[in-house]
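Biologist: Please show me the model. I would like to go through its inner parts with you.

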Amino acid sequence: MAKSTFLSSSIARKVAMALSGLFLITFLSLHFFINLTSVFSEDFFNEASHFMGYNPLIQFVMQPVLIAGVVFHFVMGIVLELKNRNARPVTYAKYDGAANASWASRNMIISGLVVLAFLGLHMYDFWLQEIVYKYVDSNLINETRYYEELVHKFISPIRTGLYCIAFILLSLHLWHGFNSSFQSVGFNNKFSKSLHKLGYAFAIIVPFGFIFIALFHHFNQ
């Protein structure tokens with residue numbers, strides 16, 4: 001009952017949404033760092049990917065937690081959006097959202113759904129095929145296969161283009177979401193301005209870093 005009451009609170013839902021978002025940002029940072037190494041060192045990328053792919057703690061504890069976090073974050077985002085729309089008055093003058101909020105903040109649900117669709121494709125491309133490789137086909141362990149598999153994904157200009165578009169929308173999603181998450185959990189002190197700047201930098205550097213990685217491998221086949 002207490003848990004149900006907690007999640008029924010508007011403030012509690014926003015806090016839960018924020019915490020799940022910060023958790024996913026942590027994962028995104030790690031994912032970005034590992035993928036970035038593929039540009040500089042094929043061997044290090046293979047070693048890092050092999051560790052992530054066969055470490056029991058990551059595979060059987062962190063990976064299910066991550067999937068649950070993704071599902072929770074996007075479901076909670078849809079719930080909040082629907083409740084906000086239902087609570088919005090319709091008897092007053094037409095609401096001019098562009099005059100009061102940025103495009104990113106007004107269209108979080110759109111950018112979020114596109115990012116979710118991209119995650120589905122990403123999981124099909126990498127996670128599902130990894131599961132098939134290890135547990136269905138029972139292939140022998142090959143510690144040097146990861147770089148070649150990554151590069152192969154970016155041969156197609158269409159797939160590479162979709163990848164880049166998805167990360168542009170992720171950048172817009174993070175532009176508002178990063179700082180909104182800290183605001184929702186009540187982080188408001190003398191470090192807030194610096195944190196906002198860090199959030200904006202993260203929203204640019206990481207998504208466009210992923211785009212750089214994709215284009216690098218596409219044009220260096």
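Modeller: We take a helix, a buried residue and a cavity in turn.

Modeller: This is a predicted model, where local features need pLDDT of at least 70, side-chain atom pairs count only at pLDDT 80 or more, and totals for chains, interfaces and linings use all residues. Residues are numbered from 1 along each chain as its sequence is written, and side-chain values use heavy atoms, with hydrogens and water left out.

Biologist: Which exposed residues does the face of helix 7 turned away from its buried side carry?

Modeller: Helices are DSSP runs (H or I, at least four residues), numbered from the N terminus. In helix 7 (residues 146-153), Y146, Y147, L150, V151 and K153 are buried (under 20% relative accessible area, 1.4 Å probe, protein chains only; exposed is over 50%, partly exposed in between). They cover an arc of only 155° around the axis, so they sit on the same side of helix 7, the arc being that of the directions from the helix axis to the C-beta atoms. The face turned away carries the exposed residues E148 and H152.

Biologist: N46 is in helix 3; is N46 buried or exposed?

Modeller: Helix 3 spans residues 42-54. N46 has 3% relative accessibility, so N46 counts as buried.

Biologist: How many residues of the lining of the largest cavity come from helix 6?

Modeller: A cavity is a set of points on a 1 Å grid over the protein atoms alone where a 1.4 Å probe fits but cannot get out; lining residues have an atom within 4 Å of a point. Helix 6 (108-136) and helix 8 (157-184) each supply at least two lining residues. The largest share comes from helix 6: 5 residues.
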